[in-house]
Amino acid sequence: MKLDQKGAVLAEYIWIDGSNGVRTKTKTLKKAVKDVKELPEWNFDGSSTGQAPGDNSDVYIRPVAIFPDPFRGGDNILVMTETWDADGTPNKFNYRHECERLMEANAKHKPWFGLEQEYTILGFDGWPYGWPKNGYPAPQGPYYCGVGTGKVFCRDIVEAHYKACLYAGINISGINAEVMPSQWEFQVGPCEGIE
């Protein structure tokens, strides 16, 4: 919905929970932000995300990177965060903190980081999109890096994801169809350090 936000900015704080899932909450900011250091720390109930016990459930999210929000557009942003416990130590599920420490300790070697993520697009029934109902597709062969009807499915979704990453400034370096229908891969990087 394209409505005037009257100068307000939506900041979508994003973190990894206790089961490696993604969690978010949105904060209203009074003005546009250009640097992650301008953003406030925030908190959430870690007992609801598997990151803290119920009797001491505050977990703090500290901004570490910002990206333009490809879904909301405008000055709205995505805020990548680290999770911290109330005593000021990294939450036990805050793996980024240790990674950054190691990258900085070895900066003279200019470490690179990159990833490939394979995924399968499922229909509402939990079955891979485009597969025959109660059956299986033809054997692998034509699908990997395939083109055209019957070889690749959901290219429009994959292309939208690709363009959203480019809009947000994520160092996405490529995509390709994988070995079964509705299976795709994207690559990010290489990035130097924890960029």
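Q: In what order do the 5 strands of the open sheet stand, and what is the pairing?
A: A strand order is read from one edge of a sheet to the other. In this predicted model, the order is 2-1-5-4-3, and the pairing is mixed.

Q: Which strands stand at the edges of the sheet?
A: Look for strands with a single partner strand. Here these are strand 2 (22-29) and strand 3 (42-45); because each has a single partner, one side of each is left without a neighbour in the sheet. On average, neighbouring strands of this sheet are turned by 40° against each other, direction ignored.

Q: In what sense do strand 1 and strand 5 pair, and over how many bridges?
A: Follow the two strands side by side. Strand 1 (residues 9-16) pairs with strand 5 (residues 77-85) in the parallel sense, over 4 bridges. Glutamate 12 stands opposite leucine 78 in strand 5.

Q: What is the volume of the largest pocket, and which residues are closest to its centre?
A: Start with the volume, then turn to the lining. The largest pocket has a volume of about 1500 Å³. It is lined by 39 residues, and Ile16, Phe67, Met80, Phe113 and Leu115 are the closest to its centre. Elements that give two or more residues to this lining include strand 1, strand 5, helix 1 (95-105) and helix 2 (155-168). By class, the lining has 26 nonpolar, 10 polar and 3 charged residues.

Q: Which residues line the second largest pocket?
A: Read this pocket in the same steps. Its space is about 160 Å³, and among its lining residues are Met1, Leu10, Phe71 and Arg72. The lining divides into 4 nonpolar, 3 polar and 2 charged residues.

Conventions:
Residues numbered from 1 in each chain as written. Predicted model: local features only at pLDDT ≥ 70, side-chain atom pairs only at ≥ 80, totals over all residues. Heavy atoms only, no water. Pairing = 2+ DSSP bridges. Axes fitted to C-alpha atoms, helices over the stretch in contact; angles between N-to-C directions. 1 Å grid on protein atoms, 1.4 Å probe; cavity = no way out; pocket = protein on both sides within 12 Å on 5 of 7 lines; lining within 4 Å. Points joined across faces, edges and corners; volume = space filled by probe spheres on them. Nonpolar A, V, L, I, M, F, W, Y, C, P; charged D, E, K, R; others polar.
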